[in-house]
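Here's a walk through one protein model, from its cysteines to its sheet and its main pocket. Have a look at the structure first, then read on.

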Amino acid sequence: MIRERNARTDDEEIIRLIKSELMPLSWTTHQHDATVIRELPLRLRRGVTYVAAAGKTAAPYGFIHFETVGDILMFSMLAVHPQHRNRHCGTKLMAAAEAHGLAASCTMGRLFVDQINDKARHFYTKLGYQTIRYYPELRCYEMIKELA
């Protein structure tokens, strides 16, 4: 099931997923960077986080974090535990976030993908996102999609 994040019960697992699945792919952060890790709960409070879990009180095995900025749906983070991949969990999380964006009158989705994360770029391309720019100083790609 896809549900809204409960900070008290979900954040520990979300932060573990960030440290194990996202930070190793990032050129700008390191999974042992105490400052970045300390700031994660603050970052999660900005915007919306949905989690994929077996039930209302079950620990999440995936999550997506995003914000609306004007009419843009800005995706910040998406991670799914390796044992739960290839089960459409990421697709369902993206669909829930896009539905939220449409309800908030967003016309476009926007995200950034680290250069070495080819699987993520392929995943987003399958969902209709197009690469529009590469940022060599950040080693990441910017991708967008019109929301209809």
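Is Cys140 buried or exposed? At 6% and 7% relative accessibility two cysteines come up below, and Cys140 is the one at 7%, so it counts as buried, given that the cut-off for buried is under 20%.

## Cysteines

One thing to keep in mind from here on: this is a predicted model. Cys89 has a relative accessibility of 6%, so Cys89 counts as buried too. As for disulfides, the count comes to 0 when a pair of cysteine sulfur atoms has to lie within 2.5 Å. For reference, a disulfide is a covalent bond between the sulfur atoms of two cysteines.

## The sheet

Now for the strands. There's an open sheet of 7 strands, and reading across it you get the order E1-E2-E3-E4-E5-E7-E6, with mixed pairing. The edges belong to E1 (2-4) and E6 (130-135); each has a single partner strand, so one side of each is left without a neighbour in the sheet. On average, neighbouring strands here are turned by 25° against each other, direction ignored.

Helix H1 (residues 7-22) lies across E1, E2 (48-53), E3 (60-69) and E4 (72-80). Relative to E3, H1 runs at about 90°.

## Around E4

E4 is a good strand to zoom in on. Of its 9 residues, 7 are buried, so E4 is largely enclosed by the rest of the structure. E4 pairs with E3 in the antiparallel sense, over 8 bridges, and one pair you can pick out is His65 with its bridge partner Met77 in E4. The two strands form a hairpin with 2 residues between them, and Gly70 in the turn has a positive phi of about 65°.

E4 also pairs with E5, this time in the parallel sense and over 3 bridges. Here, Met74 has Arg110 in E5 as its bridge partner.

## The E6 and E7 hairpin

Over at the other hairpin, E6 and E7 (residues 140-146) pair in the antiparallel sense over 5 bridges. If you want a pair to click on, Arg133 has Glu142 in E7 as its bridge partner. There are 4 residues between these strands, and Arg139 takes a positive phi near 55° in this hairpin.

## The largest pocket

What is the volume of the largest pocket? The answer is about 1,500 Å³. It's lined by 46 residues, and the closest to its centre are Leu22, Leu78, Asn117, Ala120 and Tyr124. Several elements give two or more residues to this lining: H1, H2 (34-45), E3, E4, H3 (89-103), E5 (108-114) and H4 (118-126). E4 turns up again here, since the largest share of the lining, 7 residues, comes from E4.

## Ser26 and Asn117

Finally, a look at a loop. Ser26 lies in the loop between H1 and H2. Ser26 has a relative accessible area of 18%, so with the cut-off at 20% it counts as buried. Where does Ser26 sit relative to Asn117? The two are 91 residues apart in sequence, and their C-alpha atoms are 8.8 Å apart in space. Asn117 is also among the residues closest to the centre of the largest pocket.

Key
Residues numbered from 1 in each chain as written. Predicted model: local features only at pLDDT ≥ 70, side-chain atom pairs only at ≥ 80, totals over all residues. Heavy atoms only, no water. Pairing = 2+ DSSP bridges. Axes fitted to C-alpha atoms, helices over the stretch in contact; angles between N-to-C directions. Contact = heavy atoms within 4.5 Å. Buried < 20%, exposed > 50% of the residue type's maximum accessible area, 1.4 Å probe, protein only. 1 Å grid on protein atoms, 1.4 Å probe; cavity = no way out; pocket = protein on both sides within 12 Å on 5 of 7 lines; lining within 4 Å. Points joined across faces, edges and corners; volume = space filled by probe spheres on them.
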